[in-house]
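Thank you all for coming; I would like to take you through one model this morning, going slowly and keeping to what can be read from it. Please have a look at the sequence and the structure before I begin.

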Amino acid sequence: MSTPPGSPAPPPHPDYRFSLANERTLLAWLRTGLALVAGGVAMTQFAPRLGFPGGGQAVSVALLVAGLVTALAGHRRYSRNERAIAADEPLPTSVAARWVTALVALLVVALLVLVVVDIVRG
């Protein structure tokens, strides 16, 4: 089907491979968020008194929040990238990966401290 003379040509559709790669990246963010949530649930079941009374619950809440933040950050990144792909623009920069990495590192340090305190207390 051709375009009538004088009509602007429809914009070319972006390559589907870019959208599919963006979707796979979103799924990776969601898997990471789900793993953090699962870790939070496990903390309440298997280590409720880690380091001090309520230590396990504190880490559990932090892991659950980290899982939520990770899932939301991944979706925001996905949406921004999809808009850029559709508009044939460069992908926007994102600091989400740095923030999520820092959050998880902070949680690991807190968990490490609680484990050491729990071992020392016997």
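I will start with one helix, go on to the core, and end at the surface.

Please keep in mind throughout that this is a predicted model. The helix I would like to begin with is α3, which covers residues 96-121, and which reaches 37 Å from its first C-alpha to its last, close to the 38 Å expected for its 26 residues at 1.5 Å a residue. After α3 comes Gly-122, which has a positive phi, near 80 degrees.

Which residues of α3 are buried? They are Ala-96, Val-100, Leu-107 and Leu-114, and the buried residues of this helix pack against α1, residues 16-46, and α2, residues 55-86.

Two of those names, Leu-107 and Leu-114, come back in the largest nonpolar core, which has eight residues and also includes Leu-36, Met-43, Leu-50, Val-59, Leu-63 and Ala-66. Each of α1, α2 and α3 supplies at least two residues of this core, while α2 gives the most, with three. If we take Leu-63 as one member of the core and set aside its neighbours within four places in sequence, we find it in contact with Leu-36, Val-37, Gly-39, Gly-40, Met-43 and Leu-107.

Now to the surface, where Val-61, Val-65 and Val-69 make a nonpolar patch of about 230 Å². Val-61 is found in helix α2, and it counts as exposed because its relative accessibility is 51%, the cut-off for exposed being over 50%.

Terms used:
Residues are numbered from 1 along each chain as its sequence is written. This is a predicted model: local features need pLDDT of at least 70, side-chain atom pairs count only at pLDDT 80 or more; totals for chains, interfaces and linings use all residues. Side-chain values use heavy atoms; hydrogens and water are left out. Helices (H or I, at least four residues) and strands (E, at least two) are DSSP runs, numbered from the N terminus. The expected span of a helix is 1.5 Å times one less than its number of residues. Buried means under 20% relative accessible area, exposed over 50%, partly exposed in between (1.4 Å probe, protein chains only). Contact means heavy atoms within 4.5 Å. Patches are made of residues with over 30% relative accessible area and no salt bridge: like charges are joined within 9 Å, nonpolar side chains (Val, Leu, Ile, Met, Phe, Trp, Tyr) within 5 Å. Accessible areas come from the Shrake-Rupley method with a 1.4 Å probe; for residues, only the protein chains shown count as cover. A salt bridge is a side-chain nitrogen of Lys or Arg within 4 Å of a carboxyl oxygen of Asp or Glu. A nonpolar core is a set of buried Ala, Val, Leu, Ile, Met, Phe, Trp, Tyr and Cys residues joined through side-chain atoms within 4.5 Å.
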